[in-house]
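Work through the exercises below with the sequence and the model at hand. Each task is followed by a solution in steps.

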Amino acid sequence: MKDLVWNNALSVQVEEIDEDHRRLVNLFNILNHSVVEGDATNYIEAVLEELISCTAWHFRHEERLMLKSGYEGFVEHKTEHQELIDSVKALQQKFLQEGKPVSSEDIEFLEHWLTEHIVVADMELGSYLGEVM
């Protein structure tokens, strides 16, 4: 699988959010490479945990910005955040408890998970924040 490449299509035009997204894209690429190259299981576990932790932090960051700015789509956006975290934690549990390796399908799921959220929900948020900030 190819790396995700940061470009303007992923920019929400809010630098602090874009900075977070660039970090998440970088972590995704590290995970992708570690799976493809067959790195040690404990290394893949560590990268996946870092991706999940950074994503959770980023979601709280966005939620803080939404609350501060009075974003009307807060509840829906936060619900999507929780659904995304739940789904990636389920993937992590499969990996940790069932001993199933992270597969190329899992990587595709994570790529879709990351990019779809950015280009849909976060673009709407970025447009709103651009108007009010």
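The exercises concern a predicted model and deal with salt bridges, a helix pair and a backbone angle.

**Exercise 1. Salt bridges**

Task: State how many salt bridges a search of the whole structure finds, and give the partners and the N to O distance of each.

Solution.
1. The search of the whole structure returns three salt bridges.
2. Glutamate 15 pairs with arginine 22 through their side chains, at 2.3 Å from N to O.
3. Aspartate 106 pairs with lysine 94, and here the closest N and O atoms are 3.1 Å apart.
4. Lysine 100 pairs with glutamate 98, with 3.5 Å from N to O.
5. The cut-off for such a pair is a nitrogen to oxygen distance within 4 Å.

**Exercise 2. Setting of the charged partners**

Task: Classify aspartate 106 as buried or exposed, and say which helices hold aspartate 106 and lysine 94.

Solution.
1. Buried means under 20% relative accessible area. Aspartate 106 has 10% relative accessibility and therefore counts as buried.
2. Its partner lysine 94 has a relative accessible area of 24%, so lysine 94 is partly exposed.
3. Aspartate 106 belongs to helix α4 (residues 104–132) and lysine 94 to helix α3 (residues 74–97), so their salt bridge ties together parts that are 12 residues apart in sequence.
4. In the pair of glutamate 15 and arginine 22, glutamate 15 is partly exposed at 48%, and arginine 22 is partly exposed at 31%.
5. Lysine 100, the partner of glutamate 98, is partly exposed at 43% relative accessibility.

**Exercise 3. Packing of α1 and α2**

Task: Describe how the axes of helix α1 and helix α2 are arranged, and what kinds of residues make up their contact.

Solution.
1. Helix α1 covers residues 15–36 and helix α2 residues 41–69. Their axes come within 10 Å and cross at roughly 165 degrees.
2. Angles over 145 degrees count as roughly antiparallel, and α1 and α2 are therefore roughly antiparallel to each other.
3. The crossing of α1 and α2 is left-handed.
4. The residues of this contact comprise 15 nonpolar, five polar and six charged.

**Exercise 4. An unusual phi**

Task: What is notable about the phi of glutamine 13, and where is glutamine 13 placed?

Solution.
1. Most residues other than glycine have a negative phi.
2. Glutamine 13 is not a glycine, yet its phi is positive, at about 65 degrees.
3. Glutamine 13 sits in the segment before α1.
4. With a relative accessible area of 61%, glutamine 13 is exposed, the cut-off for exposed being over 50%.

Methods. Residues are numbered from 1 along each chain as its sequence is written. This is a predicted model: local features need pLDDT of at least 70, side-chain atom pairs count only at pLDDT 80 or more; totals for chains, interfaces and linings use all residues. Side-chain values use heavy atoms; hydrogens and water are left out. Buried means under 20% relative accessible area, exposed over 50%, partly exposed in between (1.4 Å probe, protein chains only). Helices (H or I, at least four residues) and strands (E, at least two) are DSSP runs, numbered from the N terminus. Axes are lines fitted to C-alpha atoms, for helices over the stretch in contact, and angles run from 0 to 180 degrees between N-to-C directions. Angles under 35 degrees count as roughly parallel, over 145 as roughly antiparallel, 65 to 115 as roughly perpendicular and the rest as oblique. A crossing is left-handed if the near helix is turned anticlockwise from the far one by less than a right angle, and right-handed if clockwise. Ala, Val, Leu, Ile, Met, Phe, Trp, Tyr, Cys and Pro count as nonpolar, Asp, Glu, Lys and Arg as charged, and the others, Gly among them, as polar.
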